Amino acid sequence: SVFPPSVQPMLCVVLLPPEEWPGRASAPTSVELRFVRSASELDAADAAAAEGIVAVPGCDIGALRGLLAALPRCAWLHSFSAGVDGIAPVLRETPDTLRASNARGAFTSSLAEYALAAALHFNKQVPRCMANRAAGRWERFTMNVLRGKTLGLLGYGSIARATAKLAAAFGMRIIALRRNVGGEAGEVVPEATYGYDDRAAFFGAADFIVCSLPATGETRHFVGAAAFEAMKESAVFISLGRGDVVDEAALVAALSRGRICGAALDVFEQEPLPAESPLWRCERLLLTAHNADLTSDYFEAGWATFVANAEAAAAGRPLLTPVDKSAGY
């Protein structure tokens, strides 16, 4: 057990999505768990004893409200995903006595790798290389380098800090834009940090922009037509946080007229991405199906973060990855 002898392990209820969830197979044994899709599946004893809830991505928000109402001792709600936008309305309704946490940091390294892979995809002109091979064309074009280029981090959470570390190894210059400027931490500190009011200057200074902003009322379509107009024509935009942050129509327009060099998207406003979306037909777009963090150890990493928070919750200590319920992340 992860719990010290002085700490009583807690019972937690895992609220599943309607479909089968593969993460159940790798659930930890150190915390007592009950897997349900609604409160009606719990027996009275478990409902009376449960102290925590794990919200799995895709779970029914109405069922979550029902579960919270049915568990009188529940004092902790954990989101198995890093993003909590799907359950944000419920979080805002809960009393201050209910603490919340998420999977922030569990999937950080894979997302940072994706960001650099996307940057290299355009920097090394991989589509051009593939086209040359297909055409049997021997073209000794000038190869670009990342060294000396400016990486702009839109948001400065755990994903951005991990990306900064990898980018620094390539010799890139790091800048950031965040809501609250000051106190930037991490192994790599940005050379410059911009506030939201200075976003045009930020977008204009970066060669590669990596967006990891959470989805909130404040960030919806944060990256829109004005942002793409402010970017360099040689800029590459990489989105791996939440799809709602990007105005996809504005991105399609920017790509179609060559306003920016290219873009990489792993997250979208609507998922799965509809077949009729013009994004499928954008030539200078690297597109993946929200699977940049779906690694072979995805569920183990998510459960490990849950267990660390469970230990803290049971002991009455601060949570490892607390969520600001009013801010939505």
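**Reading pockets, rings and backbone**

Me: The second largest pocket is lined by His 121, Phe 122, Gln 125, Pro 127, Arg 128, Cys 261, Glu 283, Arg 284, Leu 285 and Leu 286. What counts as a pocket and as its lining?

Reply: Rolling a probe the size of a water molecule over the atoms shows where empty space is left. A pocket is an open set of points on a 1 Å grid over the protein atoms alone, where a 1.4 Å probe fits, with protein on both sides within 12 Å along at least five of seven lines; lining residues have an atom within 4 Å of a point. Bear in mind that the model is predicted: local features need pLDDT of at least 70, side-chain atom pairs need 80 or more, and totals for chains, interfaces and linings use all residues. Numbering runs from 1 along each chain as its sequence is written, and side-chain values use heavy atoms, without hydrogens or water.

Me: Which elements give two or more residues to that lining?

Reply: Elements are DSSP runs numbered from the N terminus (helices: H or I, at least four residues; strands: E, at least two). For the second largest pocket, those giving two or more residues are H4, helix H5 (126-135) and strand E12 (285-287).

Me: On to the rings. How many aromatic pairs are there?

Reply: Rings of Phe, Tyr and Trp (its six-membered ring) pair if their centres lie within 6.5 Å; planes under 30 degrees apart are stacked, over 60 edge-to-face, the rest tilted. That rule gives 14 aromatic pairs here. Take Trp 76 and Phe 306: the ring centres are 5.6 Å apart and the planes sit at 10°, so this pair is stacked. Trp 76 belongs to strand E4 (residues 76-79) and Phe 306 to helix H10 (residues 298-315), so you get a link between distant parts of the chain, 230 residues apart.

Me: Are those two buried or exposed?

Reply: Buried means under 20% relative accessible area, exposed over 50%, and partly exposed in between (1.4 Å probe, protein chains only). Trp 76 and Phe 306 are both buried. Now look at Phe 107 and Tyr 298, a stacked aromatic pair with 4.5 Å centre to centre and 15° between the planes. Phe 107 is in the loop between strand E5 (99-101) and helix H4 (108-123), while Tyr 298 is in helix H10, so the pair ties together parts 191 residues apart in sequence. Phe 107 and Tyr 298 are both buried too.

Me: Which residues make up the aromatic cluster?

Reply: Trp 21, Trp 76, Phe 80, Phe 107, Tyr 298, Phe 299, Trp 303 and Phe 306 form one cluster.

Me: What about strand E11: which residues cover its two faces?

Reply: In E11 (residues 262-265), Gly 262 and Ala 264 lie on one side, Ala 263 and Leu 265 on the other, and all are buried.

Me: Where should I look for unusual backbone?

Reply: Most residues other than glycine have a negative phi, and most peptide bonds are trans. Here, the bond from Glu 271 to Pro 272 is cis, with omega near -5°, and Pro 272 sits in the loop between E11 and E12. His 221 isn't a glycine, yet has a positive phi of about 55°. You'll find His 221 in the loop between strand E9 (208-211) and helix H8 (225-230), partly exposed at 29% relative accessible area. His 290 also has a positive phi, near 50°. That residue, His 290, is in the loop between E12 and H10 and is partly exposed, with 29% relative accessibility.
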